[in-house]
Each structure stands twice: as structure tokens, then as C-alpha cells.
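Thanks for coming. I will take one structure today and start from a single element before turning to the chain as a whole. Please have the view open.

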Amino acid sequence: MGMSLDGRVRSAVAALLHATGESQTDLAAALGVSQAQVSRRQSGTAAWSLADCDAVAAHYGIDAIDLLAGPTRAMESLPAERRRVPGRHANTARPAAAQDGRTR
């Protein structure tokens with residue numbers, strides 16, 4: 001038998017964090033929980049609830065079923081615009097010219 005459902009969700013969340021360049025702190029802020037709560041869920045000390053899975057999926061713009069299916073399906077479903085640009089951290093602001101399309 002394959003990976004448990006808990007394991008698939010933890011692996012999918014880890015893959016999404018990596019692909020987007022987000023930290024556990026970033027995800028926690030988006031979900032309205034503490035980084036420690038995300039850490040406990042990711043370590044397996046606490047479980048991701050179905051409500052958590054819905055919130056995580058919505059945050060990444062994917063369907064909860066894709067999150068529950070595991071990292072491969074979650075990554076295939078991740079919108080291209082959510083993927084990190086190599087060499088740029090997720091929290092790094094884009095230059096002003098890129099934000100409004102004008103050069104300064």
C-alpha cells in the first residue's frame with residue numbers, strides 16, 4: 001500500500017511551499033494560524049483537518065481533491081503564476097515598473 005492520506009497531504013503542502021517559495025510563516029499568515037501550528041501539522045504531531053485542506057487548497061488556487069491526492073497532483077494543479085521565479089524569494093516585491101507596466 002502507498003502513502004497514508006496524512007502523508008500525502010504533508011508531502012503536497014511541502015511541495016507547494018517549495019514550488020512557491022513560501023515559508024511556513026507565509027502559509028500560516030494566509031491561513032490565520034501560527035507558524036508553530038503549521039509546523040506541527042507538517043511534522044505529523046497534529047493533523048491537517050478537512051477545513052485546513054480546503055483553506056490550503058484555496059490559498060494555492062487548487063482543488064482540495066488535488067491536495068489530498070498528493071504532491072504530484074497538487075503540483076500539476078498549481079497555477080503557473082503561483083510558481084516562484086528562480087532567483088526571487090516569494091516575499092520579494094517586484095520593481096515598480098513591473099507592477100504597473102510603466103517605466104520610471
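Start at helix H2, which covers residues 24-31. This is a predicted model, so please keep that in mind throughout. Which residues of H2 are buried? They are Asp26, Leu27 and Ala28. Note that an aspartate is in that group, alongside a leucine and an alanine.

What do the buried residues of H2 pack against? There are three partners: helix H1, at 5-20, helix H3, at 35-43, and helix H4, at 50-60. If you move along the chain to the position just after H2, you come to Gly32. Gly32 has a positive phi, about 75°.

Now the whole chain. How many helices and strands does the protein chain have? The count is seven helices and zero strands. Read from the N terminus, the order is therefore easy to say: α-α-α-α-α-α-α.

The protein chain has 104 residues, and buried ones make up 30% of them. Its accessible surface comes to about 6200 Å², with 53% of that belonging to carbon and sulfur atoms.

On contacts, take those in the protein chain between residues at least 6 apart in sequence. Of these, 53% join residues at least 24 apart.

Last, the rings. The count of aromatic pairs is zero. Trp48 does have a charge over its ring, though: the charged end of Arg41 sits there, 5.5 Å from the ring centre. Arg41 falls within the 35-43 range of H3, one of the helices that the buried residues of H2 pack against.

That is where I will stop.

Terms used: Residues are numbered from 1 along each chain as its sequence is written. This is a predicted model: local features need pLDDT of at least 70, side-chain atom pairs count only at pLDDT 80 or more; totals for chains, interfaces and linings use all residues. Side-chain values use heavy atoms; hydrogens and water are left out. Helices (H or I, at least four residues) and strands (E, at least two) are DSSP runs, numbered from the N terminus. Buried means under 20% relative accessible area, exposed over 50%, partly exposed in between (1.4 Å probe, protein chains only). Contact means heavy atoms within 4.5 Å. Accessible areas come from the Shrake-Rupley method with a 1.4 Å probe; for residues, only the protein chains shown count as cover. Rings of Phe, Tyr and Trp (its six-membered ring) pair if their centres lie within 6.5 Å; planes under 30 degrees apart count as stacked, over 60 as edge-to-face and the rest as tilted. A charge sits over a ring if NZ of Lys or CZ of Arg is within 6 Å of the ring centre and within 35 degrees of the ring normal.
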